[in-house]
Amino acid sequence: MFDSKGPTVSGEFFAPLKEALDGAPSRRDCPSYTDETHLIGGVNRALSDHRSGRAWLQSFRFVFEIALSVDCFFKALRSKRRAELVEEVNLALVDGSSKHRSDGDPFALIPELDKFAIYAADGHSIAHSAHEAPIREKKRASNHIFSLNLRTQLMEHVDLCVPESGKAKRHEVATLKALSKKALRMRQPKGVKVVHAYDPAVVDYRFWLKLKEAGIYIVTVEKANSRCFVTGDPPFDRDDPRNAGVLADQWVATSNNVMIRRITYQDPVTGRIYKFLTTIIDAKVPPGAIAFIYKCRWNIEKVFDQTKNRFMERKSWGKSEQSKHQQANFICLAHNLCVLLESKLESDEGIVDGKALAKQEKRKREESQRAIQAGRMMNALVQACELLTQRSCQFIRWLRLAIDYKSPWKAAVELLRPLMDNYLA
């Protein structure tokens, strides 16, 4: 399938996928349309910017020299086994790539969270497919829940929100409640606490209590109509630069008598007040860390923006649940393989997205000046974080072209180097 005359960008990009495929329990020997071809094809489609499945398929057949028919691909998308396979491969890739970013763990300055696995989870909608069956006389978007590991920036599909019979949609928290606690522990071993940073859609205090029994914790923002009553106002270290911006750290009781923690935080730049709720009651975890976890939740929104506006994944590929599950996992695989390739470029070739990092540093300096002028101090955790959560358009275009042209690794890397230093003039 790949150019055998030396390393290619295609070969390096898909190498982690092929390694993850080797141990997949659902793998089968299908000579007419192999599992490897299906996986590479699905990732290629998620990464491409073709507007239709037929347009992508025509390009894929030309680039990879595979006589793949429309019927064959869409039959594979409807396959339950292939759906299980794509999920298994993505999870194997995620679990096998725990450390890959040289710019460091964003929570490195918070040793109190060392035994916590920290995720951002959220719902994301993809427009209905061309042949979607209507629900209550209207074609409905596909609603998914994704989760991003905030330490590794690798993403996985949590579940598809499937409406009950006769209903137009299903609420995210209902989908989460239907999952097992084992699933929500994200395959983390015993002794590791799991944190899910979620928007207020996850608010269900009794549900939180059940999750906590399984070592699963929630961080979110308080709703405007919340009825929480202060039961304790413990002191916190106001001199700790990680707590800059924290106005209060309180224990509160909800209207249905669930004890949680509320952190009141003022953004040093805008002056806006936020109230964060969490089931992490342990006072050893500084309140500034809770605010920082929620700020990092924005990373998954940036990945969704990348998926929609850079990968151009805006429409469902098929109407079956299996095809929707596969598309979601292919989107995850495309993102994860990009993250891993970016890490390889940094470690092996010394290439980083210099233009994006410079832009980030400029924004930090400007925000710091605004905070100082307002008489406020920037939070040390925010200032220290140098994580880039999106791949640049120039990087994605380079990758697409390098795959299409079967570009040799070394030659393509030298073409990429100036694109990561400056924007095209």
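**Exercise 1. Decide whether Ala67 is buried or exposed in this predicted model, and describe where this residue lies.**

Solution. Ala67 has a relative accessible area of 76%, and a residue counts as exposed when this value is over 50%, so Ala67 is exposed. To place the residue along the chain, look at the loop between helix H3 (53-64) and helix H4 (70-77), where Ala67 lies. As a last step, compare sequence with space: Ala67 and Val86 are 19 residues apart in sequence, and their C-alpha atoms are 21 Å apart.

**Exercise 2. Classify the aromatic pair of Phe13 and Phe14: which kind of pair do the two rings form?**

Solution. The structure holds 14 aromatic pairs, and Phe13 with Phe14 is one of them, with ring centres 4.9 Å apart and planes at 75°. Rings pair when their centres lie within 6.5 Å, and planes over 60 degrees apart count as edge-to-face, so the pair of Phe13 and Phe14 is edge-to-face. Both partners, Phe13 and Phe14, are buried.

**Exercise 3. Classify the pair of Tyr265 and Phe276 in the same way, and work out which parts of the chain this pair ties together.**

Solution. The centres of the two rings, those of Tyr265 and Phe276, are 6.4 Å apart and the angle between their planes is 50°. Because this angle is neither under 30 degrees nor over 60, the pair of Tyr265 and Phe276 is tilted. Next, locate the partners: Tyr265 belongs to strand E8 (residues 259-266) and Phe276 to strand E9 (residues 273-278), so the pair ties together parts that are 11 residues apart in sequence. Finally, Tyr265 and Phe276 are both buried.

**Exercise 4. Find which residues touch the most other members of the largest nonpolar core, and which helix gives the most to this core.**

Solution. The largest nonpolar core has 93 residues, and within it Phe13 and Trp398 touch the most other members. Helix H11 (residues 321-349) gives the most to this core, namely 11 residues. To follow the contacts of Phe13, leave out residues up to four places away in sequence; what Phe13 then touches is Val43, Leu47, Ala334, Leu337, Cys338, Leu341, Leu399 and Ile403. Another core, of 23 residues, lies apart from the largest one, and its members include Leu176, Tyr205, Val252 and Ile260. In soluble globular proteins, nonpolar side chains tend to be buried together.

**Exercise 5. Determine which ring lies under the charged end of Lys355.**

Solution. The charged end of Lys355 sits over the ring of Tyr423, at 5.5 Å from its centre, which can be checked against the cut-off of 6 Å. Lys344 lies over the face of Trp409, 5.6 Å from the ring centre.

Technical notes: Residues are numbered from 1 along each chain as its sequence is written. This is a predicted model: local features need pLDDT of at least 70, side-chain atom pairs count only at pLDDT 80 or more; totals for chains, interfaces and linings use all residues. Side-chain values use heavy atoms; hydrogens and water are left out. Helices (H or I, at least four residues) and strands (E, at least two) are DSSP runs, numbered from the N terminus. Buried means under 20% relative accessible area, exposed over 50%, partly exposed in between (1.4 Å probe, protein chains only). Rings of Phe, Tyr and Trp (its six-membered ring) pair if their centres lie within 6.5 Å; planes under 30 degrees apart count as stacked, over 60 as edge-to-face and the rest as tilted. A charge sits over a ring if NZ of Lys or CZ of Arg is within 6 Å of the ring centre and within 35 degrees of the ring normal. A nonpolar core is a set of buried Ala, Val, Leu, Ile, Met, Phe, Trp, Tyr and Cys residues joined through side-chain atoms within 4.5 Å. Contact means heavy atoms within 4.5 Å.
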